[in-house]
Amino acid sequence: MMEVQITCKECGSSVEVVPDHNAHKVECGVCKHVADVHFTHEHEEGALKECPVCSRQDFYKQKDFNRKIGVLLFVIAAILSIWTYGLSLVALYLVDLFLFRKLAMVAICYKCQTNFRRVKNMADIRDFDHEMNDRIVYADHDFKGKPLSH
């Protein structure tokens, strides 16, 4: 079953949700903000075609790893490289390679940053595109699930 993690618009906390086509509201456990959701039978089956939060169809996929932790690990390895003559960066590379091979993929909505795990149609979702992200976030462009065309 697909797992959905919604980012609260008020406080930024994550709200874990199980897709249910009968659910129409989700409450944040921290600030009690209520958000509207629109789950379909496709969501219950694990297929991702439309975001249940913002109704957009633009998603990207990436490895399921916290970016902040990754940056922190790199900074620590870079600082330690002064004393380890760069071996800490090699060790970090090996850890990164191991994690890259072991971690699953997660789909993310460009517009509202909702995370989707265990998506059945993950192969249909494209990798992150910086230009698409900028157009969606800053110009509110809706690609309707189509790839960026020039």
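Here are some friendly questions and answers about the pockets, surface patch and salt bridges of this predicted model.

Me: Let's start with empty space. How much space lies in the largest pocket, and which residues are closest to its centre?
Reply: Rolling a probe the size of a water molecule over the atoms shows where empty space is left. For the largest pocket, that space comes to about 370 Å³. The lining has 14 residues, and the closest to the centre are Q62, F65, N66, R67 and N115.

Me: Which element gives the largest share of the lining of the largest pocket?
Reply: Four elements each supply at least two residues of this lining: β5 (59-63), α2 (67-84), β6 (105-109) and β7 (115-117). The largest share is three residues, and it comes from β5.

Me: How do the residues lining the largest pocket divide by type?
Reply: Sort them into nonpolar, polar and charged. The nonpolar group has four residues. The other two groups have five each, which gives four nonpolar, five polar and five charged.

Me: And the second largest pocket: which residues line it, and how much space lies there?
Reply: Its lining is made of L48, K49, Q57, D58, F59, N121, D124, I125, R126 and G145. By type, these residues are three nonpolar, three polar and four charged. The space in this second largest pocket is about 150 Å³.

Me: Turning to the surface, which element gives the most to the nonpolar patch?
Reply: The patch covers about 980 Å² and is made by V71, L72, F74, V75, I76, I79, L80, I82, W83 and L89. Nine of the patch residues come from a single element, helix α2.

Me: Why does I79 count as partly exposed?
Reply: I79 is a member of the nonpolar patch and lies in helix α2. Partly exposed is the band between under 20% (buried) and over 50% (exposed). I79 falls in that band because its relative accessible area is 45%.

Me: Now for charged pairs. How many salt bridges does the structure hold?
Reply: Side chains of opposite charge can pair when their charged atoms come close. In this model, the number of salt bridges is eight.

Me: How far apart are the closest N and O atoms of K25 and D36?
Reply: K25 sits in strand β3 (residues 25-27) and D36 in strand β4 (residues 34-36), 11 residues apart along the chain. K25 counts as exposed at 54% relative accessibility, while D36 is partly exposed at 42%. The two form a salt bridge, with their closest N and O atoms at 2.5 Å.

Me: In the salt bridge between D142 and R56, which residue is buried?
Reply: The closest N and O atoms of this pair are 3.9 Å apart. D142 lies in the segment after α4 (130-139) and R56 in the loop between α1 (41-45) and β5, so the bridge ties together parts 86 residues apart in sequence. D142 is partly exposed, with a relative accessible area of 29%. At 10% relative accessibility, the buried residue is R56.

Me: Which residues join D140 and K111 in one network of salt bridges?
Reply: D140 and K111 form a salt bridge whose closest N and O atoms are 2.7 Å apart. D140 is in the segment after α4 and K111 in the loop between β6 and β7, so parts 29 residues apart in sequence are tied together. Through shared partners, salt bridges link D140 and K111 into one network with R56, D142 and K144.

Notes: Residues are numbered from 1 along each chain as its sequence is written. This is a predicted model: local features need pLDDT of at least 70, side-chain atom pairs count only at pLDDT 80 or more; totals for chains, interfaces and linings use all residues. Side-chain values use heavy atoms; hydrogens and water are left out. On a 1 Å grid over the protein atoms alone, a cavity is a set of points where a 1.4 Å probe fits but cannot get out, and a pocket is an open set with protein on both sides within 12 Å along at least five of seven lines; lining residues have an atom within 4 Å of a point. Grid points are joined across faces, edges and corners, and a volume is the space filled by probe spheres set on the points. Ala, Val, Leu, Ile, Met, Phe, Trp, Tyr, Cys and Pro count as nonpolar, Asp, Glu, Lys and Arg as charged, and the others, Gly among them, as polar. Patches are made of residues with over 30% relative accessible area and no salt bridge: like charges are joined within 9 Å, nonpolar side chains (Val, Leu, Ile, Met, Phe, Trp, Tyr) within 5 Å. Accessible areas come from the Shrake-Rupley method with a 1.4 Å probe; for residues, only the protein chains shown count as cover. A salt bridge is a side-chain nitrogen of Lys or Arg within 4 Å of a carboxyl oxygen of Asp or Glu. Buried means under 20% relative accessible area, exposed over 50%, partly exposed in between (1.4 Å probe, protein chains only).
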